[in-house]
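Please open the model in your viewer and keep a selection panel to hand. The tour below moves from one selection to the next and says what is found at each stop.

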Amino acid sequence: MNRLSWDEYFLKIADTVAERSTCLRRKVGAILVSDRRILSTGYNGAPKNLTHCSEAGCLRLALKIKSSERIEICRGVHAEQNALVQAAFFGLPVAGAILYSTHFPCITCAKMLINAGMKKIVVRKMYPDKLGQELLSEAGIEVEVINKLSPPRTQRTRRPTL
C-alpha cells in the first residue's frame, strides 16, 4: 500500500488551498493542524468582500518591489494570517498547533505565528525574509522544509494462503 507521510499529506492539502489564491505574484496556501486534525485553512488574497487582487491589480508588482520588501502596501491578506483569523472567527484554539504552508512565512506572519503559540512550521518553499527566520529560531519554533513530495513508501502485502 502506498501512503503519504502526515507532513506530505498536509502539505499537499496546503498546495490545493493555494489554488484559491487571487494574488498576482505568488499563490500561497496554509493550514493549521492540531493532533492530525485540520483546524483552519487560508490562502493569500484581498480581505473579505473586497475586490480581488487579480481584478484590482498589484501595486507591489507595478512598482517592481522585491519579495519581502514593503509588504505593508500589499492589499492582500497572507495565507498564514487568513488561517489564524479563520480559527479565531470560529473560536478554535491554535496554541501548540503545526502550520503547514506552501511558503516560509514573512516577518509579519512569523511574529503572528510566534504569538499564536505554534509549536512547528512545515513549509514547501523558502521565502527571502531572513528576519522572519531569525525570529522563529529565537522563539524556538521548529521549522522543517520539505521541497517536494517524497515518493510514496511501498508496503508489501501478503496474499492470503488458501
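Begin with the lining of the second largest pocket, whose residues divide by class into 14 nonpolar, seven polar and five charged. This is a predicted model, and the pocket in question holds about 340 Å³ of space. To find its middle, select C23, R26, N44, R60 and H78, which are the residues nearest the centre among the 26 that line the second largest pocket. Then colour α3, which spans residues 59-62, and α4, since these are the elements that give two or more residues to the lining of the second largest pocket.

Keep α4 selected and turn to the largest pocket, where about 410 Å³ of space lies. Its lining is made up of 17 residues, and those closest to the centre are A46, P47, K48, N82 and Q86. Which elements each supply at least two residues of this lining? They are β2, residues 37-43, and α4, residues 79-89, and of the elements that contribute, α4 gives the most to the lining of the largest pocket, with four residues. If you colour the lining of the largest pocket by class, you should find seven nonpolar, eight polar and two charged residues.

Next, leave the pockets and select M126, V143 and V145, which together make a nonpolar surface patch of about 210 Å². Within this selection, V145 can be placed in strand β5, which covers residues 142-145. Is V145 buried, partly exposed or exposed? With a relative accessible area of 38%, V145 is partly exposed, and because a patch residue must have over 30% relative accessible area, this value of 38% clears the cut-off.

Finally, clear the selection and show the whole chain as a cartoon, so that the earlier stops can be set in context. The protein has six helices and five strands, and reading along the sequence you will meet them in the pattern α-β-β-α-α-α-β-α-β-α-β. If you align the view to the principal axes, the C-alpha atoms fill a box of roughly 70 × 35 × 30 Å. As a last colouring, separate the residues by relative accessible area: of the 162 residues of the protein, 40% count as buried.

Conventions: Residues numbered from 1 in each chain as written. Predicted model: local features only at pLDDT ≥ 70, side-chain atom pairs only at ≥ 80, totals over all residues. Heavy atoms only, no water. Patch = residues over 30% accessible without salt bridge, like charges linked within 9 Å, V, L, I, M, F, W, Y side chains within 5 Å. Areas by Shrake-Rupley, 256 points an atom, 1.4 Å probe, with all protein chains shown as cover. Salt bridge = Lys/Arg side-chain N within 4 Å of Asp/Glu carboxyl O. Buried < 20%, exposed > 50% of the residue type's maximum accessible area, 1.4 Å probe, protein only. 1 Å grid on protein atoms, 1.4 Å probe; cavity = no way out; pocket = protein on both sides within 12 Å on 5 of 7 lines; lining within 4 Å. Points joined across faces, edges and corners; volume = space filled by probe spheres on them. Nonpolar A, V, L, I, M, F, W, Y, C, P; charged D, E, K, R; others polar.
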